[in-house]
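Here's a quick tour of how some helices and strands in this model fit together. Have the structure open while you read.

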Amino acid sequence: MSNFIDFGAAKKLKQLQESQNRICNLFDIKYPIVQGGMIWHSGWRLASAVSNNGGLGLIGAGSMYPDIMRENIRKCQAATDKPFGVNVPMLYPNIDEVIQIILEEKVKIVFTSAGNPKTYTEMLQKEGLKVAHVVSSTKFAMKCEDAGVDAIVAEGFEAGGHNGRDETTTLCLIPNVKKHISKPLIAAGGIALGSQMKAAMILGADGVQIGSRFAATVEASSHESWKNKVVSLNEGDTHLTLKELAPVRMVKNKFFYELEKLYDQGRDPEALRETLGRARSKRGMFEGDLEEGELEIGQVSALIEEILPVEKVFENLLREYREATAIDL
């Protein structure tokens, strides 16, 4: 067995843990790894497990009634003494009540998305919270900078769930956003391996936000049938659709093909809205209806081969990050 030690790789891994990393310093975490606040996946068990392993766990408020969100916050506080946050999609109802509960429960970190970052950033910061906002374009990243957010999440269209209309990939988005902002930058979309994490940081990101890989974990609150579906997906099994309403990447199942039939008949937003109905995502990802439910997951699901505990996901990410090398030409 070789006794060779790759000191360069060890140094890179050590740098992830040092205060020179702006995301670690901002959120007081060990590794610049943020777990996406995915609807129907991101309850207190997942968020606390990610935080306990050195990342930043996020509770996904988008799929929770306000009282359920409060319960998840309190259970997360009991399960970890590490920093965690709440992801708040601003297109959902009861937003003012959600923000009030976050303040009452003394949450210290909020990630906002799907709305204007100016709406709550200043108010939350005055209460001592750190605020990050999720965007899908350089244009909106610059608006976040103007709004004074503490960090910006730039998400490529490879990502699952609600997404941008421009279909800009993470590989193109991150370096362009980096050129135009000074705030700490978190890359999202298409990241499930340590090598992809390193690539994003080489492109200019200070950290990464990972969704799909954490969706297929023991601690995720989604249905077991859906988790098993995730690890069976292949390249090309997801597609970005519903741009007329709110773009979303989903699995090609019976419901997806019903939408495709409507597109063949024309782009009628009302017909799309009627077919979508209510609670489609809950039906699919939380209740396990793999045919009629809305199944949201990223393209990187093709690389996810097994359901793992969060601890093992971190172990793999850090090992892969350490082993990934930049090849000199």
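Ile 186 sits opposite Gly 207 of strand 9, in a model that is predicted. That pair belongs to the ladder between strand 8 and strand 9, which run parallel and are joined by 3 bridges. Strand 9 also pairs with strand 1 (residues 33-35), again in the parallel sense and over 3 bridges; here Gln 35 faces Ile 210 of strand 9. Which way do the residues of strand 9 (residues 207-210) point? Gly 207 and Gln 209 go one way, Val 208 and Ile 210 go the other, and all are buried. Put helix 9 between strand 8 and strand 9 and you get a right-handed β-α-β unit.

Strand 8 turns up again around helix 8. Together with helix 7 (138-147), strand 6 (151-155) and helix 9 (194-202), strand 8 (185-188) is part of what covers the buried residues of helix 8. Those buried residues are Thr 170, Leu 173, Ile 174 and Val 177. Looking down the axis, they fall within an arc of 95 degrees, so they line one face of helix 8. Some background helps: an α-helix has 3.6 residues a turn, so residues three or four places apart point the same way.

Helix 4 (residues 66-79) can be read in a similar way. Its buried residues are Pro 66, Met 69, Asn 72, Ile 73 and Cys 76. They cover an arc of only 115 degrees around the axis, which puts them on the same side of helix 4. Packed against them are helix 3 (44-52), strand 2 (57-60), strand 3 (84-89) and helix 5 (95-104). The length works out too: at 1.5 Å a residue, the 14 residues should span 20 Å, and the end C-alpha atoms are 20 Å apart, which agrees.

Here are the exposed residues on the other side of each helix:

| Helix | Exposed residues facing away from the buried side |
|---|---|
| Helix 4 | Asp 67, Ala 78 |
| Helix 8 | Leu 171, Lys 179 |

Elsewhere, 3 strands make an open antiparallel sheet in the order 7-11-10. Strand 7 (161-162) and strand 10 (238-241) are at the edges with a single partner strand each, so one side of each has no neighbour in the sheet. Strand 10 is joined to strand 11 (residues 248-251) by 4 bridges, and Thr 241 stands opposite Val 248 of strand 11. Helix 12 (residues 254-265) packs on this sheet, touching strand 10 and strand 11, with its direction at about 45 degrees to that of strand 10.

Key:
Residues numbered from 1 in each chain as written. Predicted model: local features only at pLDDT ≥ 70, side-chain atom pairs only at ≥ 80, totals over all residues. Heavy atoms only, no water. Helix = DSSP H or I, 4+ residues; strand = E, 2+ residues; numbered from the N terminus. Expected span 1.5 Å × (residues − 1). Buried < 20%, exposed > 50% of the residue type's maximum accessible area, 1.4 Å probe, protein only. Arc of directions from axis to C-beta. Contact = heavy atoms within 4.5 Å. Pairing = 2+ DSSP bridges. Axes fitted to C-alpha atoms, helices over the stretch in contact; angles between N-to-C directions. Right-handed = clockwise from strand over helix to strand, strands pointing away.
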